[in-house]
Amino acid sequence: MFKVGYKAAHFMTSNRVGKVIEINYVKNNQWTIGGTTDSKVYILLEYPNGEKVQHLAGNLLRIYD
């Protein structure tokens with residue numbers, strides 16, 4: 001679980017640590033045989049150099065330091 005202010009990194013580039021500045025929930029309107037699918041959670045990270053990148057929450061690792 002992520003909260004605004006936590007430190008996180010993408011699992012493929014765990015040496016680049018950013019700060020969570022926004023959490024977005026995107027509703028999925030696609031229907032399947034079993035019903036609707038889950039909404040997706042996107043997290044906006046801000047890196048120390050000022051770059052902002054949006055990632056899927058499932059691709060992020062929480063950094064404890």
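Buried means under 20% relative accessible area, exposed over 50%, and partly exposed in between, with a 1.4 Å probe and protein chains only. The structure is a predicted model, in which local features need pLDDT of at least 70 and side-chain atom pairs count only at pLDDT 80 or more, while totals for chains, interfaces and linings use all residues. Residues are numbered from 1 along each chain as its sequence is written, and side-chain values use heavy atoms, with hydrogens and water left out.

**Exercise 1. Sheet order**

Task: State the strand order of the open sheet and identify its edge strands.

Solution.
Step 1. Strands are DSSP runs (E, at least two residues), as helices are (H or I, at least four), numbered from the N terminus. Two strands pair if DSSP finds at least two bridges between them.
Step 2. Five strands form the open sheet, in the order β6-β5-β2-β1-β7, and the pairing is antiparallel.
Step 3. β6 (52-56) and β7 (60-62) are the edge strands, since each pairs on one side only.
Step 4. From one strand to the next, the twist averages 40°; axes are lines fitted to C-alpha atoms (for helices over the stretch in contact), and angles run from 0 to 180 degrees between N-to-C directions.

**Exercise 2. Strand register**

Task: For each strand pair, give the number of bridges and one pair of residues that stand opposite each other.

Solution.
Step 1. Antiparallel strands β1 (residues 7-10) and β7 are joined by three bridges, with H10 opposite L60 in β7.
Step 2. Between β1 and β2 there are two bridges, again antiparallel; K7 faces K19 in β2.
Step 3. Seven bridges connect β2 (residues 18-26) with β5 (residues 40-46) in the antiparallel sense, and V26 is opposite K40 in β5.
Step 4. Five bridges hold the antiparallel pair β5 and β6, where I43 is opposite H55 in β6.

**Exercise 3. The hairpin of β5 and β6**

Task: Describe the conformation and surroundings of G50.

Solution.
Step 1. G50 is in the loop between β5 and β6.
Step 2. The hairpin has five residues between the strands, and G50 there takes a positive phi near 95°.
Step 3. The relative accessibility of G50 is 42%, so G50 counts as partly exposed.
Step 4. G18 is 32 residues from G50 along the chain, and their C-alpha atoms are separated by 9.6 Å.

**Exercise 4. Two strand residues**

Task: Is H10 buried or exposed, and what does E22 touch?

Solution.
Step 1. H10 belongs to strand β1. Its relative accessibility is 14%, so H10 is buried.
Step 2. Contact means heavy atoms within 4.5 Å. Residues up to four places away in sequence not counted, H10 touches H55, N59 and L60.
Step 3. E22 is in strand β2 and has a relative accessible area of 36%, so E22 is partly exposed.
Step 4. Apart from neighbours within four places in sequence, E22 contacts Y42, I43 and L44.
Step 5. The side chains of E22 and N24 share a polar contact of 3.3 Å. A polar contact is a pair of N or O atoms within 3.5 Å; within protein, one must be able to donate a hydrogen and the other to accept it, and residues adjacent in sequence count only if both atoms are side-chain atoms.

**Exercise 5. The nonpolar core**

Task: Which residues make up the largest nonpolar core?

Solution.
Step 1. A nonpolar core is a set of buried Ala, Val, Leu, Ile, Met, Phe, Trp, Tyr and Cys residues joined through side-chain atoms within 4.5 Å.
Step 2. The largest such core has eight residues: F2, A8, V20, I43, L45, Y47, A57 and L60.
Step 3. Beyond four places in sequence, the residues that A8 touches include F2, V20 and L45.
Step 4. In soluble globular proteins, nonpolar side chains tend to be buried together.

**Exercise 6. Salt bridges**

Task: How many salt bridges are there, and which parts of the chain do they link?

Solution.
Step 1. The criterion is a side-chain nitrogen of Lys or Arg within 4 Å of a carboxyl oxygen of Asp or Glu. The count is two salt bridges.
Step 2. D65 and K7 form a salt bridge, with the closest N and O atoms 3.6 Å apart. D65 is in the segment after β7 and K7 in strand β1, 58 residues apart.
Step 3. D65 is exposed at 78% relative accessibility, and K7 is partly exposed at 40%.
Step 4. E51 and R16 form a salt bridge at 2.7 Å, N to O. E51 is in the loop between β5 and β6 and R16 in the loop between β1 and β2, so this pair ties together parts 35 residues apart in sequence.
Step 5. E51 is partly exposed at 35%, and R16 is partly exposed at 32%.
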